[in-house]
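Here are some notes for a colleague opening this structure for the first time. Please keep the model in view while reading the points below.

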Amino acid sequence: MFEEYREEIQQVLVDEATRSLRSTLSANQRMTQSALNRFVADQRQREACAEEDATADETSSCETGTVSRNNVPFDVDGTFALNGTTLSTRGSFFEKTGNYEGTYRRLFFGDFDVQHDADTDSTTATLSARVAWEQMASDTTMLGYFVGGELASSNISGAFEGDQDRVAVTIGGYAVHQLADELYLDGFLTMGVGNNDLEMANDVLALTSDYTTRTATAGAALSGVYEYERYEFRPELAVSYGKTWIGNVGFTGRAYGLVDNTLSLDAGSVSIANLTLRPEVIWALDADTVADSNSQLSFAPRLICERRETVQRIEDCGGGAELGLSSRSEDGLSNVEFRVIMDRVGDTTRSSFTLNLEHQF
(Lines give C-alpha, C1' and ligand atoms only; values in the text may rest on other atoms or scores of the structure.)
Protein backbone atom coordinates (compact mmCIF):
# COMPACT_ATOMS: atom_id res chain seq x y z
CA MET A 1 0.00 0.00 0.00
CA PHE A 2 2.78 2.45 0.96
CA GLU A 3 4.73 1.70 -2.24
CA GLU A 4 1.67 2.52 -4.32
CA TYR A 5 1.66 6.10 -3.01
CA ARG A 6 5.43 6.59 -2.71
CA GLU A 7 5.65 9.37 -5.35
CA GLU A 8 2.73 11.33 -3.89
CA ILE A 9 4.21 11.08 -0.38
CA GLN A 10 7.62 12.24 -1.55
CA GLN A 11 6.03 15.17 -3.38
CA VAL A 12 4.35 16.33 -0.16
CA LEU A 13 7.69 16.30 1.66
CA VAL A 14 9.42 18.14 -1.19
CA ASP A 15 6.68 20.80 -1.45
CA GLU A 16 6.83 21.45 2.29
CA ALA A 17 10.62 21.80 2.20
CA THR A 18 10.44 24.13 -0.83
CA ARG A 19 8.02 26.53 0.85
CA SER A 20 10.12 26.56 4.03
CA LEU A 21 13.33 27.16 2.07
CA ARG A 22 11.79 30.09 0.18
CA SER A 23 10.74 31.64 3.50
CA THR A 24 14.25 31.27 4.90
CA LEU A 25 15.91 32.76 1.82
CA SER A 26 13.52 35.72 1.83
CA ALA A 27 14.17 36.37 5.52
CA ASN A 28 17.93 36.27 5.00
CA GLN A 29 17.79 38.63 2.01
CA ARG A 30 15.68 41.11 3.96
CA MET A 31 18.12 40.83 6.86
CA THR A 32 21.13 41.82 4.74
CA GLN A 33 19.21 44.55 2.88
CA SER A 34 18.29 46.09 6.24
CA ALA A 35 21.92 45.81 7.35
CA LEU A 36 23.03 47.65 4.21
CA ASN A 37 20.48 50.39 4.82
CA ARG A 38 21.74 50.85 8.38
CA PHE A 39 25.34 50.91 7.17
CA VAL A 40 24.63 53.61 4.55
CA ALA A 41 22.50 55.65 6.97
CA ASP A 42 25.25 55.55 9.60
CA GLN A 43 27.82 56.67 7.03
CA ARG A 44 25.67 59.60 5.96
CA GLN A 45 25.05 60.53 9.59
CA ARG A 46 28.78 60.49 10.39
CA GLU A 47 29.54 62.58 7.32
CA ALA A 48 26.83 65.09 8.23
CA CYS A 49 28.06 65.30 11.82
CA ALA A 50 31.66 65.75 10.66
CA GLU A 51 30.64 68.67 8.46
CA GLU A 52 28.56 70.18 11.28
CA ASP A 53 31.37 69.80 13.80
CA ALA A 54 33.79 71.47 11.41
CA THR A 55 31.60 74.54 10.97
CA ALA A 56 29.85 74.84 14.37
CA ASP A 57 31.09 77.41 16.88
CA GLU A 58 29.38 75.59 19.76
CA THR A 59 28.42 72.03 20.58
CA SER A 60 26.76 70.44 17.55
CA SER A 61 23.33 68.83 17.53
CA CYS A 62 25.02 65.49 16.85
CA GLU A 63 26.53 65.67 20.34
CA THR A 64 23.36 66.86 22.06
CA GLY A 65 20.74 64.69 20.36
CA THR A 66 17.91 63.63 22.66
CA VAL A 67 18.19 59.95 21.65
CA SER A 68 21.18 58.01 20.35
CA ARG A 69 20.89 57.48 16.62
CA ASN A 70 21.71 53.83 17.28
CA ASN A 71 18.56 53.14 19.32
CA VAL A 72 15.34 52.49 17.37
CA PRO A 73 11.94 51.73 18.96
CA PHE A 74 9.95 48.60 18.13
CA ASP A 75 8.78 48.66 14.50
CA VAL A 76 6.51 46.49 12.31
CA ASP A 77 6.01 46.23 8.54
CA GLY A 78 4.36 43.78 6.14
CA THR A 79 3.98 42.73 2.50
CA PHE A 80 1.44 41.00 0.28
CA ALA A 81 2.47 39.26 -2.97
CA LEU A 82 0.86 37.18 -5.72
CA ASN A 83 3.35 35.27 -7.92
CA GLY A 84 1.69 33.14 -10.55
CA THR A 85 -0.25 30.47 -8.61
CA THR A 86 1.48 31.25 -5.32
CA LEU A 87 0.10 33.74 -2.80
CA SER A 88 2.33 34.91 0.03
CA THR A 89 2.27 37.51 2.76
CA ARG A 90 5.32 38.60 4.71
CA GLY A 91 6.10 40.93 7.55
CA SER A 92 8.80 41.84 10.01
CA PHE A 93 9.33 43.35 13.43
CA PHE A 94 12.48 45.14 14.48
CA GLU A 95 14.20 46.78 17.44
CA LYS A 96 17.82 47.73 18.13
CA THR A 97 20.07 49.14 20.84
CA GLY A 98 23.72 50.06 20.72
CA ASN A 99 26.38 52.64 21.52
CA TYR A 100 26.12 56.24 20.38
CA GLU A 101 29.02 56.08 17.93
CA GLY A 102 27.33 53.31 15.93
CA THR A 103 30.30 50.92 16.17
CA TYR A 104 28.27 48.28 18.02
CA ARG A 105 24.59 47.37 18.23
CA ARG A 106 22.34 44.56 19.36
CA LEU A 107 19.17 43.91 17.37
CA PHE A 108 15.98 41.95 17.73
CA PHE A 109 13.94 41.37 14.59
CA GLY A 110 11.74 38.80 12.94
CA ASP A 111 9.45 37.87 10.10
CA PHE A 112 6.02 36.43 9.57
CA ASP A 113 5.38 34.70 6.28
CA VAL A 114 2.26 33.00 4.89
CA GLN A 115 2.47 31.12 1.58
CA HIS A 116 -0.38 29.50 -0.32
CA ASP A 117 0.17 27.14 -3.25
CA ALA A 118 -2.82 27.26 -5.61
CA ASP A 119 -1.72 24.07 -7.41
CA THR A 120 -2.11 21.91 -4.29
CA ASP A 121 -4.15 24.34 -2.13
CA SER A 122 -1.56 23.92 0.65
CA THR A 123 -0.62 26.73 3.05
CA THR A 124 2.46 27.25 5.21
CA ALA A 125 2.70 29.96 7.90
CA THR A 126 6.11 30.73 9.43
CA LEU A 127 7.10 32.94 12.36
CA SER A 128 10.79 33.58 12.98
CA ALA A 129 12.67 35.68 15.52
CA ARG A 130 16.36 36.51 15.72
CA VAL A 131 18.82 38.24 18.01
CA ALA A 132 21.81 39.74 16.20
CA TRP A 133 24.98 41.53 17.17
CA GLU A 134 26.65 43.99 14.78
CA GLN A 135 29.94 45.79 15.00
CA MET A 136 32.14 47.90 12.76
CA ALA A 137 35.28 45.91 11.99
CA SER A 138 36.63 49.02 10.24
CA ASP A 139 35.34 52.24 8.72
CA THR A 140 34.31 50.29 5.61
CA THR A 141 33.18 46.92 7.00
CA MET A 142 30.32 45.90 9.25
CA LEU A 143 30.02 42.33 10.60
CA GLY A 144 27.02 40.67 12.19
CA TYR A 145 26.04 37.30 13.60
CA PHE A 146 22.75 36.00 14.92
CA VAL A 147 20.87 33.16 16.59
CA GLY A 148 17.20 32.56 15.99
CA GLY A 149 14.24 30.24 15.94
CA GLU A 150 11.31 29.43 13.69
CA LEU A 151 7.79 28.11 14.25
CA ALA A 152 5.86 26.94 11.18
CA SER A 153 2.48 25.34 10.62
CA SER A 154 1.25 23.87 7.33
CA ASN A 155 -2.17 22.86 6.09
CA ILE A 156 -1.64 20.16 3.45
CA SER A 157 -4.09 19.54 0.60
CA GLY A 158 -3.93 17.54 -2.60
CA ALA A 159 -3.41 13.80 -3.00
CA PHE A 160 -2.90 13.69 0.78
CA GLU A 161 -4.50 16.00 3.32
CA GLY A 162 -3.26 16.85 6.79
CA ASP A 163 -0.97 19.21 8.66
CA GLN A 164 2.64 19.63 9.66
CA ASP A 165 4.28 21.62 12.48
CA ARG A 166 7.95 22.59 12.40
CA VAL A 167 10.29 23.97 15.05
CA ALA A 168 13.74 25.10 13.91
CA VAL A 169 16.85 26.83 15.21
CA THR A 170 19.14 28.89 12.99
CA ILE A 171 22.56 30.47 13.34
CA GLY A 172 24.50 32.54 10.87
CA GLY A 173 26.46 35.62 9.98
CA TYR A 174 26.41 38.49 7.52
CA ALA A 175 28.63 41.33 6.41
CA VAL A 176 28.48 44.67 4.60
CA HIS A 177 31.61 46.10 2.98
CA GLN A 178 32.14 49.36 1.17
CA LEU A 179 34.19 48.68 -1.94
CA ALA A 180 34.28 52.29 -3.13
CA ASP A 181 32.63 55.61 -2.30
CA GLU A 182 29.25 54.50 -3.70
CA LEU A 183 29.68 50.74 -4.13
CA TYR A 184 28.78 48.10 -1.52
CA LEU A 185 29.02 44.33 -1.15
CA ASP A 186 26.90 42.40 1.32
CA GLY A 187 26.37 38.71 1.99
CA PHE A 188 25.02 36.12 4.41
CA LEU A 189 25.67 32.52 5.45
CA THR A 190 23.26 30.52 7.65
CA MET A 191 22.70 27.00 8.93
CA GLY A 192 19.63 25.54 10.60
CA VAL A 193 18.04 22.35 11.90
CA GLY A 194 14.30 21.74 11.98
CA ASN A 195 12.10 19.11 13.61
CA ASN A 196 8.95 18.29 11.63
CA ASP A 197 5.78 16.65 12.99
CA LEU A 198 3.67 15.41 10.05
CA GLU A 199 0.19 13.88 9.93
CA MET A 200 -1.59 13.25 6.62
CA ALA A 201 -3.97 10.79 4.98
CA ASN A 202 -5.86 9.96 1.83
CA ASP A 203 -8.97 7.80 1.51
CA VAL A 204 -7.03 4.62 2.27
CA LEU A 205 -3.72 5.33 4.02
CA ALA A 206 -3.01 7.46 7.13
CA LEU A 207 0.60 8.44 7.87
CA THR A 208 2.43 10.08 10.77
CA SER A 209 6.10 11.01 10.94
CA ASP A 210 8.55 12.91 13.12
CA TYR A 211 11.64 13.75 11.07
CA THR A 212 14.54 16.20 10.99
CA THR A 213 15.70 18.48 8.16
CA ARG A 214 18.89 20.49 7.78
CA THR A 215 19.14 23.75 5.83
CA ALA A 216 22.03 25.90 4.64
CA THR A 217 21.78 29.17 2.74
CA ALA A 218 24.23 31.68 1.29
CA GLY A 219 23.84 34.87 -0.68
CA ALA A 220 25.60 38.02 -1.83
CA ALA A 221 24.66 41.28 -3.48
CA LEU A 222 26.68 44.01 -5.18
CA SER A 223 24.91 47.35 -4.82
CA GLY A 224 25.52 50.95 -5.77
CA VAL A 225 24.06 54.10 -4.23
CA TYR A 226 24.61 57.07 -6.53
CA GLU A 227 23.12 60.47 -5.64
CA TYR A 228 22.17 62.94 -8.39
CA GLU A 229 20.35 65.86 -6.74
CA ARG A 230 16.63 64.97 -6.95
CA TYR A 231 17.14 61.27 -7.70
CA GLU A 232 19.31 58.30 -6.78
CA PHE A 233 20.45 55.38 -8.91
CA ARG A 234 20.73 52.07 -7.02
CA PRO A 235 21.76 49.11 -9.21
CA GLU A 236 21.88 45.69 -7.55
CA LEU A 237 23.19 42.32 -8.69
CA ALA A 238 22.16 39.62 -6.21
CA VAL A 239 22.67 35.87 -6.02
CA SER A 240 21.26 33.47 -3.43
CA TYR A 241 21.37 29.73 -2.88
CA GLY A 242 19.68 27.49 -0.36
CA LYS A 243 19.50 23.76 0.19
CA THR A 244 17.41 21.61 2.51
CA TRP A 245 18.35 18.01 3.18
CA ILE A 246 15.31 15.85 3.95
CA GLY A 247 16.97 12.45 3.74
CA ASN A 248 15.37 9.24 4.92
CA VAL A 249 11.96 9.76 6.54
CA GLY A 250 10.32 7.09 8.66
CA PHE A 251 6.53 6.71 8.84
CA THR A 252 3.90 4.93 10.84
CA GLY A 253 1.11 3.87 8.49
CA ARG A 254 -2.47 2.80 9.16
CA ALA A 255 -4.71 1.15 6.58
CA TYR A 256 -7.64 -1.28 6.88
CA GLY A 257 -7.15 -1.51 10.64
CA LEU A 258 -3.47 -2.54 10.33
CA VAL A 259 -0.49 -0.54 11.66
CA ASP A 260 3.05 -0.60 10.27
CA ASN A 261 5.79 1.51 11.89
CA THR A 262 8.63 0.29 9.64
CA LEU A 263 7.76 2.39 6.55
CA SER A 264 10.35 4.79 5.15
CA LEU A 265 11.48 6.58 2.01
CA ASP A 266 14.43 8.72 0.97
CA ALA A 267 13.01 12.15 0.01
CA GLY A 268 16.39 13.51 -1.08
CA SER A 269 16.94 17.26 -0.96
CA VAL A 270 15.62 20.59 -2.27
CA SER A 271 17.72 23.46 -3.59
CA ILE A 272 16.88 26.90 -4.99
CA ALA A 273 19.30 29.30 -6.73
CA ASN A 274 18.44 32.80 -7.92
CA LEU A 275 20.33 35.48 -9.87
CA THR A 276 18.70 38.91 -10.07
CA LEU A 277 19.82 42.14 -11.77
CA ARG A 278 17.79 45.07 -10.47
CA PRO A 279 18.81 48.66 -11.32
CA GLU A 280 16.54 51.04 -9.39
CA VAL A 281 15.95 54.77 -9.83
CA ILE A 282 14.39 56.76 -6.96
CA TRP A 283 13.02 60.29 -7.44
CA ALA A 284 12.50 62.87 -4.68
CA LEU A 285 9.01 64.37 -5.04
CA ASP A 286 9.04 67.09 -2.39
CA ALA A 287 12.68 67.98 -1.70
CA ASP A 288 15.96 68.66 -3.45
CA THR A 289 17.46 65.27 -2.46
CA VAL A 290 16.08 61.77 -1.90
CA ALA A 291 17.43 61.71 1.66
CA ASP A 292 15.42 64.85 2.55
CA SER A 293 12.27 63.90 0.62
CA ASN A 294 9.17 62.62 2.44
CA SER A 295 7.61 61.32 -0.81
CA GLN A 296 9.53 59.19 -3.32
CA LEU A 297 8.81 57.46 -6.62
CA SER A 298 10.91 54.50 -7.78
CA PHE A 299 11.25 52.35 -10.90
CA ALA A 300 13.39 49.24 -11.37
CA PRO A 301 13.59 46.87 -14.36
CA ARG A 302 14.45 43.29 -13.38
CA LEU A 303 16.29 40.38 -14.99
CA ILE A 304 15.87 37.03 -13.20
CA CYS A 305 17.29 33.54 -13.60
CA GLU A 306 16.18 30.72 -11.30
CA ARG A 307 17.15 27.09 -10.87
CA ARG A 308 15.21 24.70 -8.65
CA GLU A 309 16.21 21.10 -7.97
CA THR A 310 13.78 18.72 -6.26
CA VAL A 311 12.74 15.45 -7.88
CA GLN A 312 13.67 17.17 -11.13
CA ARG A 313 15.68 20.22 -12.23
CA ILE A 314 13.87 23.32 -13.49
CA GLU A 315 15.77 26.29 -14.97
CA ASP A 316 14.09 29.47 -16.20
CA CYS A 317 15.06 33.07 -16.97
CA GLY A 318 12.96 36.13 -17.56
CA GLY A 319 12.46 39.77 -16.72
CA GLY A 320 10.07 42.34 -15.40
CA ALA A 321 9.85 45.66 -13.64
CA GLU A 322 8.97 47.31 -10.32
CA LEU A 323 7.13 50.57 -9.70
CA GLY A 324 6.95 51.99 -6.19
CA LEU A 325 5.60 55.01 -4.33
CA SER A 326 6.50 55.81 -0.73
CA SER A 327 5.54 58.51 1.73
CA ARG A 328 7.04 59.39 5.11
CA SER A 329 5.38 61.43 7.87
CA GLU A 330 6.81 64.81 8.88
CA ASP A 331 8.09 63.45 12.19
CA GLY A 332 9.80 60.56 10.40
CA LEU A 333 8.14 57.90 12.58
CA SER A 334 5.68 56.55 9.99
CA ASN A 335 6.23 55.33 6.45
CA VAL A 336 3.97 53.74 3.83
CA GLU A 337 5.12 52.20 0.53
CA PHE A 338 3.17 50.62 -2.31
CA ARG A 339 5.04 48.57 -4.91
CA VAL A 340 3.88 46.74 -8.06
CA ILE A 341 6.08 44.01 -9.56
CA MET A 342 5.48 42.27 -12.90
CA ASP A 343 7.75 39.40 -14.01
CA ARG A 344 7.78 36.89 -16.84
CA VAL A 345 9.97 33.89 -15.93
CA GLY A 346 9.86 30.95 -18.31
CA ASP A 347 6.23 30.28 -19.19
CA THR A 348 4.94 31.89 -16.00
CA THR A 349 3.77 35.46 -15.52
CA ARG A 350 4.18 36.66 -11.93
CA SER A 351 2.42 39.68 -10.50
CA SER A 352 3.28 41.06 -7.07
CA PHE A 353 1.58 43.83 -5.14
CA THR A 354 3.43 44.93 -2.02
CA LEU A 355 2.24 47.27 0.71
CA ASN A 356 4.73 48.14 3.45
CA LEU A 357 3.51 49.90 6.59
CA GLU A 358 6.00 51.07 9.23
CA HIS A 359 5.66 52.98 12.47
CA GLN A 360 8.17 53.63 15.22
CA PHE A 361 6.76 53.93 18.73
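1. Start with the link between Cys 305 and Cys 317. The model is predicted. The link is right-handed, with 115 degrees about the S-S bond. Cys 305 sits in strand β16, residues 295–309. Cys 317 sits in strand β17, residues 313–328. The two cysteines are twelve residues apart, and the pair links distant parts of the chain.

2. How far apart are the sulfur atoms of Cys 305 and Cys 317? They lie 2.0 Å apart, and the two residues form a disulfide. The structure holds one disulfide. A bond of this kind is covalent and runs between the sulfur atoms of two cysteines.

3. Is Cys 305 buried, or is it partly exposed? Cys 305 counts as partly exposed because its relative accessibility is 30%, and buried would require under 20%. Cys 317 is also partly exposed, with a relative accessible area of 47%. The cut-off for exposed is over 50%, so Cys 317 at 47% does not reach it.

4. Next, the salt bridges. A search of the whole structure finds 14 of them. In general, side chains of opposite charge can pair when their charged atoms come close. Arg 166 and Glu 150 form one such bridge, with the closest N and O atoms 3.0 Å apart. Arg 166 is in strand β6 and Glu 150 in strand β5. The pair links distant parts of the chain, 16 residues apart. Both residues are buried.

5. Look at Glu 309 and Arg 313 as well. They form a salt bridge, and the closest N and O atoms are 3.1 Å apart. Glu 309 is partly exposed, with a relative accessible area of 24%. Arg 313 is exposed, with a relative accessible area of 52%.

6. Which residues are joined into one network by salt bridges that share partners? They are Arg 278, Glu 280, Arg 302 and Glu 322. Within this network, the side chains of Arg 278 and Glu 280 meet at 3.4 Å, N to O. The same two side chains are joined by a polar contact of 3.4 Å. Arg 278 is buried, with a relative accessible area of 16%.

7. Glu 280 deserves a closer look. It is found in strand β15, residues 280–284. Why does Glu 280 count as buried? Its relative accessibility is 7%, and buried means under 20%. Leaving aside neighbours within four places in sequence, Glu 280 is in contact with residues including Glu 232, Phe 233, Arg 234 and Pro 235. Further contacts of Glu 280 include Ser 298, Phe 299, Ala 300 and Arg 339.

8. Now the rings. The structure holds six aromatic pairs. Tyr 5 and Phe 160 form an edge-to-face pair, 5.9 Å centre to centre, with 90 degrees between the planes. Tyr 5 lies in the segment before α1 (6–55), and Phe 160 in the loop between β5 (141–156) and β6 (161–180), so the pair ties together parts that are 155 residues apart in sequence. Both Tyr 5 and Phe 160 are buried.

9. Finally, Tyr 228 and Tyr 231. This aromatic pair is stacked: the centres are 5.4 Å apart and the angle between the planes is 25 degrees. Tyr 228 counts as partly exposed at 41% relative accessibility. Tyr 231 is partly exposed too, with a relative accessible area of 34%.

Conventions:
Residues numbered from 1 in each chain as written. Predicted model: local features only at pLDDT ≥ 70, side-chain atom pairs only at ≥ 80, totals over all residues. Heavy atoms only, no water. Helix = DSSP H or I, 4+ residues; strand = E, 2+ residues; numbered from the N terminus. Buried < 20%, exposed > 50% of the residue type's maximum accessible area, 1.4 Å probe, protein only. Polar contact = N/O pair within 3.5 Å; in protein donor to acceptor, adjacent residues only side chain to side chain. Contact = heavy atoms within 4.5 Å. Disulfide = S-S within 2.5 Å. Phe/Tyr/Trp six-rings, centres within 6.5 Å; stacked < 30°, edge-to-face > 60°. Salt bridge = Lys/Arg side-chain N within 4 Å of Asp/Glu carboxyl O.
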